[in-house]
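Please open the model in a viewer and keep the sequence panel at hand. The tour below proceeds by selections, each followed by a description of what is found there.

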Amino acid sequence: MTNDEIQTIRCNIEAVEGFKFPLNETFNLEVEIKDVKYEFRIHLKDNSDKLLILPTGKLTKNTTNNRKKPIFQRENWYFEESTIHINDPTLYINNEIKAGWMIGTKNNWYLETIAEIIKKIADNLFKYDIENQYGNILIYGSTISAFEAIMLSILIKNSTSITEMPYLEVFRTNQRALLNHIFTGMSIQQIHEKYGYRLNVTELIQKEQYIPKIFTFIDYTVNEQYNNDFIAFIKQVTQLPFIKTKNENRIIIELDSKKQGQKQLLKPWQLREIIANIHKIRDKNYYDSSTIQREKIKQQDEKLEQYETKLKKQIQEITKNNKEIEMYKKELNQHIEQIQQNNQEIQQYQKELQQQKQEITKNNQEIQQYKQKQENIIQTQDKTIQKQQQTIQNKTKQIQEKNNKTKQQKNEIKIQKQTIQNKQHIIEIQQKRNKNQQTTIQYYQQKHGLKQKILPYIYILLKSKQKTTSIKLYKKLKNNTYFNIGYYLNKNKDINNKKWTQKLTPLTHYITYGINEKRKPNPQQKTTPENKKILLKKLNQQKTKIKY
């Protein structure tokens with residue numbers, strides 16, 4: 001299954017504890033808190049009573065390319081336990097950060113929030129008693145992720161961290177990226193004074209007043225620094241104030257020497273074996289053979305005592321059973337006599353049964369005759385029903401034919417109505433044309449003196465901005481059907497007065513105002529020109545000039 005095919009569940013932290021997560025399949029969980037996205041890859045198994053946590057440590061060359069997607073280290077390793085892989089949101093802050101240590105920002109410690117989310121997931125999956133709460137949570141990591149595992153085991157009380165070559169303090173290595181992008185403007189001393197519990201395992205133990213369960217492997221031939229760090233860690237733990245713990249020893253260190261000159265971490269199968277036996281390894285009496293033998297002998301003695309008591313009870317029951325058997329024999333003889341009497345009665349019953357059989361055969365014959373009569377009646381009824389169905393079909397055909405005729409008639413009526421409407425529309429158009437022609441004729445029948453020929457030019461020169469274009473357009477439209485006087489007067493009642501019909505002309509109004517007001521000059525014109533120059537150019541392109 002590719003990363004794109006894996007289901008992603010998004011919810012807030014309050015919903016995690018009650019959410020019904022899928023079992024036996026891998027899914028991603030996103031929990032957004034204060035604009036920070038906490039991402040997990042989870043595989044919960046219905047046959048597992050342990051929860052294995054795997055945090056992300058330092059990025060490798062293969063994982064530094066795509067920093068927009070979550071990174072889950074060891075996601076391809078197989079475990080029998082339920083697993084939760086953690087992505088470190090600190091890696092999103094800046095691409096220079098190759099190891100985030102789950103530090104987060106100055107005001108937000110990501111590791112603490114991640115611990116709370118894991119607790120809620122565990123409370124969702126398991127029903128804990130107060131004493132064993134989170135005792136089935138195991139956290140594995142190496143080097144930097146081992147630091148994160150130990151810190152999580154401090155915050156998730158009663159959990160166990162399994163670590164290899166762990167770092168115990170953040171600034172033991174070069175962490176210039178953290179100084180530049182997280183603790184900006186602070187010195188290392190200032191950072192330790194304010195955020196020491198985030199950076200040092202011992203300081204968090206002191207803050208939480210809790211020593212975690214740690215099982216760690218150290219190869220003392222690899223790097224002397226690791227050895228010195230852990231020796232310093234043990235000294236610091238012994239110097240801490242008294243911390244009450246239920247277990248005498250919570251930290252188990254296994255020293256080994258592989259003598260290979262470089263870090264050799266556990267193989268997946270080795271880690272699986274350690275996880276399967278972690279509770280046995282932590283039990284200090286586990287390897288005490290005498291204790292085991294004594295325990296076995298004690299169990300065998302208890303079993304022998306149980307067998308003896310059972311045997312005594314069985315003997316008593318057998319004696320009782322023998323007495324009861326003698327009584328059963330007497331009762332059996334009586335039952336035999338009773339059986340003989342019953343046999344005689346059975347013979348009589350058999351005779352009576354024979355007679356009843358004969359009567360039943362007669363009754364069966366009568367029933368068959370009755371059935372035959374009924375079948376004949378049903379056949380006649382079927383024939384009549386078929387006839388009735390045929391008549392119904394004929395009637396339905398007739399009704400369908402009538403319906404078809406009515407549909408044809410309706411269609412013809414529709415066509416007639418449509419033709420009438422078309423004719424009416426044509427008549428209306430013709431009436432409008434006649435009205436426009438009549439208005440035009442009435443206009444030309446009026447007396448038009450010399451003033452009406454000269455005044456339009458004067459008025460256009462006074463009122464128009466584009467004087468030359470307006471005069472040319474006026475001359476062009478005087479002898480062109482583009483401007484319909486009758487339509488313009490009928491359409492625009494506000495200009496049908498003496499000013500525009502006797503002193504001036506309707507065309508004068510169109511030149512000075514009508515074009516700018518987007519008034520139509522004729523009924524065929526759908527859109528008006530943008531300005532006078534465009535209209536004049538259009539009219540000049542006409543080959544013939546038609547006089548009205």
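Begin by selecting Glu 30 and Arg 10, whose side chains meet in a salt bridge with an N to O distance of 3.1 Å. Glu 30 belongs to strand β2 (residues 26-33) and Arg 10 to strand β1, so this pair ties together parts that are 20 residues apart in sequence. The two partners may then be coloured by accessibility. Glu 30 has a relative accessible area of 15% and is therefore buried, the limit for that class being under 20%. Arg 10, at 60% relative accessibility, counts as exposed. The model on display is a predicted one, and the distances and areas quoted in this tour are computed from it.

**Strand β1**

Remain in strand β1 (residues 7-10) and select Ile 9. Is this residue, Ile 9, buried or exposed? With a relative accessibility of 6%, Ile 9 counts as buried. Next, display what surrounds Ile 9. Setting aside residues up to four places away in sequence, Ile 9 touches Phe 19, Phe 21, Pro 22, Phe 27, Asn 28, Leu 29 and Glu 30. Glu 30, one of these residues, is also the salt-bridge partner of Arg 10. For a distance label, pick the C-alpha atoms of Ile 9 and Phe 40: they are separated by 9.9 Å, with the two positions 31 residues apart along the chain.

**Thr 56 and its surroundings**

Move on to Thr 56, which is placed in the loop between β4 (51-54) and β5 (82-86). Its relative accessibility is 0%, and Thr 56 therefore counts as buried. Which backbone oxygen does the side chain of Thr 56 reach at 2.6 Å? That oxygen belongs to Ile 86. The side chain of Thr 56 also reaches the backbone oxygen of Ile 71, at 2.9 Å. Expand the selection to the contacts of Thr 56. Neighbours within four places in sequence left aside, these are Ile 71, Phe 72, Gln 73, Ile 86, Asn 87, Asp 88, Leu 91, Met 102, Ser 145 and Glu 148.

**Helices α3 and α2**

Ser 145 and Glu 148, both among the contacts of Thr 56, lead to the next selection, helix α3 (residues 144-155). Its twelve residues reach 17 Å from the first C-alpha to the last, close to the 16 Å expected at 1.5 Å a residue. How many residues of α3 are buried? Twelve of its twelve residues are, including Phe 147, Glu 148, Met 151 and Leu 155.

Select helix α2 (residues 110-125) next. This helix has 16 residues and reaches 23 Å between its first and last C-alpha atoms, close to the expected 22 Å. The buried residues of α2 are Tyr 110, Leu 111, Thr 113, Ile 114, Ala 115, Ile 117, Ile 118, Lys 119, Ile 121 and Ala 122.

**Further salt bridges**

Side chains of opposite charge can pair when their charged atoms come close. Select Lys 157, Lys 207 and Glu 208, which are linked in a network of salt bridges. Within this network, the side chains of Glu 208 and Lys 207 meet at 3.6 Å, N to O. Glu 208 counts as partly exposed at 24% relative accessibility, and Lys 207 is partly exposed with 47%.

Then go to Glu 517 and Arg 519, whose side chains form a salt bridge at 2.7 Å, N to O. Glu 517 is partly exposed, with a relative accessible area of 42%, whereas Arg 519 counts as buried at 18%. The count of salt bridges comes to eight.

**A nonpolar surface patch**

Switch to a surface representation and select Leu 450, Ile 454, Leu 455, Ile 458 and Leu 462. These residues form a nonpolar patch on the surface, with about 480 Å² of accessible area together. Ile 458 lies in helix α11 (residues 450-463) and counts as partly exposed at 40% relative accessibility.

**The whole chain**

Finally, clear the selection and view the entire protein chain, which has 16 helices and nine strands. Of its 548 residues, 37% count as buried. The accessible surface of the chain comes to about 37200 Å², and carbon and sulfur atoms account for 49% of that area. Among contacts between residues at least 6 apart in sequence, 66% join residues at least 24 apart.

Notes. Residues are numbered from 1 along each chain as its sequence is written. This is a predicted model: local features need pLDDT of at least 70, side-chain atom pairs count only at pLDDT 80 or more; totals for chains, interfaces and linings use all residues. Side-chain values use heavy atoms; hydrogens and water are left out. Helices (H or I, at least four residues) and strands (E, at least two) are DSSP runs, numbered from the N terminus. Buried means under 20% relative accessible area, exposed over 50%, partly exposed in between (1.4 Å probe, protein chains only). A polar contact is a pair of N or O atoms within 3.5 Å; within protein, one must be able to donate a hydrogen and the other to accept it, and residues adjacent in sequence count only if both atoms are side-chain atoms. Contact means heavy atoms within 4.5 Å. The expected span of a helix is 1.5 Å times one less than its number of residues. Patches are made of residues with over 30% relative accessible area and no salt bridge: like charges are joined within 9 Å, nonpolar side chains (Val, Leu, Ile, Met, Phe, Trp, Tyr) within 5 Å. Accessible areas come from the Shrake-Rupley method with a 1.4 Å probe; for residues, only the protein chains shown count as cover. A salt bridge is a side-chain nitrogen of Lys or Arg within 4 Å of a carboxyl oxygen of Asp or Glu.
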